[in-house]
Amino acid sequence: MTIPFFDGHNDFLLRLMKSPAPREDTWLGNGGAGHLDLVRMKEAGFVGGLFAIFVPPVSDGPPPDFRTLMAHPPHEMPMPPLMEAATAQPVALTMAGLLHWMERAAPGDFRVCRTADDIRDSNASGTIAGVMHMEGAEAIGEDLDALYLFHEMGLRSLGPVWSRPTIFGHGVPMSFPGSPDIGPGLTERGKDLVRLCGELGIMIDLSHLNEAGFNDVAKVSDAPLVATHSNAHALCASPRNLTDRQLNLIREREGMVGLNFATFYLNSDGRSDSTLGWEVMLRQLDYLIHQLGEDHVGLGSDFDGCILPDVIGDVTGVQGLFDVMAQHGYDDALIAKIARDNWLACLDRVQGVAGPA
């Protein structure tokens with residue numbers, strides 16, 4: 001039996017934008033690369049997810065070789081510089097347009113959704129649900145006016161930062177080992193951004209924020225606290241992962257954590273070693289469930305944005321994870337929660353705080 005699942009984070013839009021292949025091939029399933037396309041999603045039981053708008057760093061030279069650097073911890077990569085809205089906004093609009101193009105290119109198979117009920121309706125008709133997410137809010141700009149536009153286009157989840165500073169706050173560096181307790185919190189404009197997102201029913205993603213920023217979101221917002229693609233710092237001491245204190249606060253606020261499949265956020269030594277087995281992922285799941293409870297854990301794969309375990313390979317490997325979860329002792333009800341139900345319930349809670357979306 002194929003278990004339907006909702007994924008808290010992927011970077012397919014970035015791959016689609018940068019792909020040298022025709023975008024129809026990359027999306028509809030003839031590209032044969034990356035972790036996602038429509039054919040493999042349907043085969044895998046992928047019924048929806050948060051599709052990230054992410055503006056990559058601009059560099060005068062070649063980008064760092066992340067795979068090599070992360071294969072040999074300890075490592076500490078310099079933070080990319082702050083990016084201006086004028087640079088980020090055209091790229092973000094291109095990616096938002098691509099999400100809507102995906103709907104037009106696959107009528108009846110893919111739909112841009114704005115509420116949890118939209119997702120349920122889409123799933124009931126066999127349509128994959130795509131929710132617009134923004135990873136790093138550089139494209140919004142200081143006056144926040146662009147947030148209204150992106151919201152109209154379907155934006156329902158936003159991370160104020162990626163792993164670089166913005167005018168809204170500060171991200172954690174790509175380093176290992178390290179603590180998320182590094183740098184200042186949200187700026188005053190960042191707090192305004194969080195408040196406006198709350199009014200509009202846009203979920204705040206904590207995954208790349210440092211600890212001070214996490215604390216500021218918890219103070220400014222009444223909404224559930226959500227980290228769409230993060231793991232437990234106690235098991236992998238990356239600053240991108242969440243401390244027990246953060247996990248406990250997420251549980252208290254009825255939020256969510258999506259298990260990140262990236263090997264360098266799973267391995268206890270922080271290596272980007274794709275040969276790790278299922279036991280490393282199960283160890284993270286066990287710990288997250290222990291800290292958060294069964295109703296607050298889901299999947300946040302980071303497909304098309306990370307180095308995956310070979311046992312998964314791409315989206316079609318997720319059913320294998322569910323198989324080993326069952327062998328590990330998770331019953332059908334718990335697997336269904338982690339696969340999809342918890343994400344939909346969390347989106348209901350987020351939008352319930354703001355009122356109708």
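**Close-up views of a predicted model**

**View 1. Helix 8 against helix 9.** Lys191, Val194 and Arg195 of helix 8 are in contact with Asp216, Val217 and Val220 of helix 9. By class, this contact of helix 8 with helix 9 holds three nonpolar and three charged residues, and no polar ones. The structure shown here and in the other views is a predicted model. The two helices, 8 and 9, pack with their axes 10 Å apart, at an angle of about 45 degrees. That angle makes helix 8 oblique to helix 9. The crossing of helix 8 and helix 9 is right-handed.

**View 2. Helix 9 against helix 10.** Helix 9 covers residues 211–220 and helix 10 residues 244–252; their axes lie 12 Å apart and the packing angle is about 20 degrees. Helix 9 is therefore roughly parallel to helix 10, since angles under 35 degrees count as such. Helix 9 passes helix 10 in a left-handed crossing. On the side of helix 9, Glu211, Phe214, Asn215 and Ala218 make the contact, and on the side of helix 10, Arg245, Gln246, Leu249 and Ile250. Sorted by class, the contact of helix 9 with helix 10 consists of four nonpolar, two polar and two charged residues.

**View 3. Thr243, in the loop before helix 10.** Thr243 sits in the loop between strand 9 (226–227) and helix 10. Thr243 has a relative accessible area of 16%, so it is buried. Apart from neighbours within four places in sequence, Thr243 is in contact with Pro180, Glu211 and His233. Glu211 also belongs to the residues of helix 9 that contact helix 10.

**View 4. Helix 5 against helix 7.** Helix 5 (residues 85–105) and helix 7 (residues 145–153) cross at roughly 15 degrees, and their axes come within 11 Å. This angle makes helix 5 roughly parallel to helix 7. The crossing in which helix 5 passes helix 7 is left-handed. Helix 5 contributes Gln89, Ala92, Leu93, Ala96 and His100 to the contact, and helix 7 contributes Ala146, Leu149, Phe150 and Met153. Seven residues of the contact of helix 5 with helix 7 are nonpolar and two are polar, with no charged residue.

**View 5. The largest nonpolar core.** This core has 103 residues, and those with the most contacts inside it are Trp27, Met102, Ile140, Leu147, Phe150, Leu158 and Phe261. Helix 11 (residues 278–292) gives the most to this core, with nine residues. Apart from the largest core lies another, of 15 residues, including Phe6, Ile119, Val131 and Met203. Within the largest core, Ile140 is one of the residues with the most contacts. Residues up to four places away in sequence aside, Ile140 touches Gln89, Met134, Ala146, Leu147, Phe150, Leu158, Phe168 and Leu193.

**View 6. Ile202, in the loop after helix 8.** Ile202 is found in the loop between helix 8 and strand 8 (203–204). With a relative accessibility of 4%, Ile202 counts as buried. Not counting residues up to four places away in sequence, Ile202 touches Leu147, His151, Leu155, Arg156, Ser157, Leu158, Cys197 and Val350. Ile202 and Phe51 are 151 residues apart along the chain, and their C-alpha atoms are separated by 14 Å.

**View 7. The cis peptide bond at Pro177.** Most peptide bonds are trans. The bond from Phe176 to Pro177 is cis, with omega near -10 degrees. Pro177 lies in the loop between strand 7 (175–176) and helix 8 (188–200).

**View 8. Asp302 and Asp304, in the loop before helix 12.** Most residues other than glycine have a negative phi. Asp302, although not a glycine, has a positive phi of about 70 degrees. Asp304 also has a positive phi, near 65 degrees. Asp302 lies in the loop between strand 11 (297–299) and helix 12 (318–327), and Asp304 is found in the loop between strand 11 and helix 12. Asp302 is buried, with a relative accessible area of 7%. Asp304 is buried as well, with a relative accessible area of 16%.

**View 9. Helix 12 and the glycine that follows.** The buried residues of helix 12 are Val318, Gln319, Leu321, Phe322, Val324 and Met325. Gly329, with a positive phi near 115 degrees, follows helix 12.

How values were computed. Residues numbered from 1 in each chain as written. Predicted model: local features only at pLDDT ≥ 70, side-chain atom pairs only at ≥ 80, totals over all residues. Heavy atoms only, no water. Core = buried A, V, L, I, M, F, W, Y, C linked by side-chain atoms within 4.5 Å. Buried < 20%, exposed > 50% of the residue type's maximum accessible area, 1.4 Å probe, protein only. Helix = DSSP H or I, 4+ residues; strand = E, 2+ residues; numbered from the N terminus. Contact = heavy atoms within 4.5 Å. Axes fitted to C-alpha atoms, helices over the stretch in contact; angles between N-to-C directions. Parallel < 35°, antiparallel > 145°, perpendicular 65-115°, else oblique. Left-handed = near helix turned anticlockwise from the far one by under 90°. Nonpolar A, V, L, I, M, F, W, Y, C, P; charged D, E, K, R; others polar.
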